[in-house]
Amino acid sequence: MHVTRRTVLSAATIAASAAIIGTPHVLRAALPLKQPPLPFAEDALAPHISARTVGLHYGKHHKKYFDTLNEAAKGTPYGDMELVDIVKASAGKDTDKKIFNNAAQAWNHVAYWAQFVPGGPKNPEGDLARMIDETFGGYDAFVDKVVSVSDTVFGTGWVWLTRDDDGKLALVGYEDGNNPIAAGRPAYLGIDIWEHAYYLDYENRKPEHIKAVMNNIVNWKVVAERVAAG
């Protein structure tokens with residue numbers, strides 16, 4: 001399943017979805033939005049993602065999304081919103097593409113780093129394992145599906161574990177910074193397939209990067225908690 005910019009639903013037409021990260025505090029002005037600290041040392045994901053890649057990815061690319069969003073949102077209604085609400089409210093609005101792109105990428109990366117917090121199980125367990133087995137035919141098939149879905153994304157983008165129209169687990173490819181919450185769906189696990197996420201370590205071997213991430217550094221407790229939350 002492949003989602004492009006054109007298929008992202010307008011925020012005015014989507015049902016509100018539970019925020020996976022944080023709870024909005026709508027009564028206070030949000031700007032300037034602050035990039036959360038990296039929840040682990042830069043070398044904690046090595047050798048699967050190197051300290052150099054983490055440093056550049058977090059310290060340059062992720063930071064830039066927050067910096068650009070803070071500047072673009074000044075003097076707009078978005079200036080009083082929390083990050084997740086900016087993503088939802090700006091989705092599908094041609095006049096606010098810059099705000100949406102940077103807000104979505106800022107949010108995507110907060111979710112991305114949080115799912116790698118060291119110390120959790122390296123494989124799905126319990127209800128999550130059962131759901132993956134039922135939906136994808138086993139964990140190995142699930143990983144292979146992530147790789148195949150990534151190939152449906154032309155250029156930069158993400159593969160997200162979310163839910164389909166029937167409420168079942170689904171893997172969806174999104175171009176650029178698009179994500180499930182912009183379309184009124186939950187976001188459980190995000191695999192970044194922008195080249196800055198892997199090229200220093202894997203060059204053009206994107207499948208190798210995806211398998212290394214899935215099989216070694218995802219904290220499946222975090223993913224299971226997101227799934228259980230809705």
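This is a short tour of a predicted model, with suggestions on what to select at each stop.

**Stop 1: the aromatic residues**

Start by showing the rings of Phe, Tyr and Trp. Across the whole structure there are twelve aromatic pairs. Zoom in on Phe40 and Trp113, whose rings meet edge-to-face, with 6.3 Å between the centres and 70° between the planes. This pair ties together distant parts of the chain: Phe40 sits in the loop between strand 1 (2–3) and helix 1 (51–72), while Trp113 belongs to helix 3 (residues 97–114), 73 residues apart. Phe40 and Trp113 are both buried.

Now select Phe136 and Phe142 for a second pair. Their rings are tilted, at 4.9 Å centre to centre and 45° between the planes. Phe136 counts as buried because its relative accessibility is 14%, and Phe142, at 0%, is buried too.

Go back to Phe40 and Trp113 and widen the selection. Ring pairs join these two with Tyr58, Trp107, Tyr112, Phe116, Trp158 and Trp160 in a cluster.

**Stop 2: Phe116 and the nonpolar core**

Keep Phe116 selected. Which residues of the largest nonpolar core touch the most other members? They are Phe116, Phe142, Met214 and Trp220, in a core of 70 residues. Helix 3 is the biggest contributor to this core, giving ten residues. There is a general background to this: in soluble globular proteins, nonpolar side chains tend to be buried together.

To see the surroundings of Phe116, show Phe40, Leu45, Ile49, Val213, Ile217 and Val218; Phe116 touches each of them, not counting residues up to four places away in sequence.

**Stop 3: His57 in helix 1**

Next, select His57, which you will find in helix 1. With a relative accessibility of 1%, His57 counts as buried. Add His109 and look at the side chains: a polar contact of 2.9 Å joins His57 to His109. Beyond its neighbours within four places in sequence, His57 is also in contact with His62, Tyr112, Trp113, Asp192, His196 and Ala197. You have already met Tyr112 and Trp113 in the aromatic cluster.

**Stop 4: the two sides of helix 4**

Select helix 4 (residues 126–136) and colour Leu128, Ala129, Met131, Ile132 and Phe136, which are buried. They lie on the same side of helix 4, because they cover an arc of only 165° around the axis. What covers these buried residues? The cover includes helix 5 (139–150), strand 2 (157–163), strand 3 and helix 8 (220–229).

Turn the view to the face of helix 4 that points away from the buried side, and you will see the exposed residues Gly126, Asp127 and Glu134. Then step just past the end of helix 4 to Gly137, which has a positive phi of about 85°.

**Stop 5: strand 4 and its partner**

Move on to strand 4. Is it exposed or buried on its two faces? Both are covered, with Leu189 and Ile191 buried on one side and Gly190 and Asp192 buried on the other. Asp192 is the residue you saw in contact with His57.

Now show strand 2 alongside. Strand 2 and strand 4 run antiparallel and pair over four bridges. Look for Trp160, whose bridge partner in strand 4 is Gly190.

**Stop 6: Tyr188**

Select Tyr188, in the loop between strand 3 (169–175) and strand 4 (189–192). Tyr188 is buried, with a relative accessible area of 0%. Two polar partners are worth displaying. The side chain of Arg163 makes a polar contact of 2.7 Å with the side chain of Tyr188, and the backbone oxygen of Gly230 lies 2.9 Å from a polar atom of the Tyr188 side chain.

Setting aside neighbours within four places in sequence, the contacts of Tyr188 include Trp160, Leu161, Thr162, Leu169, Val223, Arg226 and Val227. For Leu169, the C-alpha atoms are 9.5 Å apart in space, across 19 residues of sequence.

**Last stop: Lys206**

Finish with Lys206 in helix 7 (residues 206–216). Is this lysine buried or exposed? Lys206 counts as buried because its relative accessibility is 15%, which falls under the 20% cut-off. To view its surroundings, show Ser150, Asp151, Ile193 and Tyr198, which Lys206 touches when residues up to four places away in sequence are not counted.

Notes:
Residues numbered from 1 in each chain as written. Predicted model: local features only at pLDDT ≥ 70, side-chain atom pairs only at ≥ 80, totals over all residues. Heavy atoms only, no water. Buried < 20%, exposed > 50% of the residue type's maximum accessible area, 1.4 Å probe, protein only. Contact = heavy atoms within 4.5 Å. Polar contact = N/O pair within 3.5 Å; in protein donor to acceptor, adjacent residues only side chain to side chain. Phe/Tyr/Trp six-rings, centres within 6.5 Å; stacked < 30°, edge-to-face > 60°. Arc of directions from axis to C-beta. Pairing = 2+ DSSP bridges. Core = buried A, V, L, I, M, F, W, Y, C linked by side-chain atoms within 4.5 Å.
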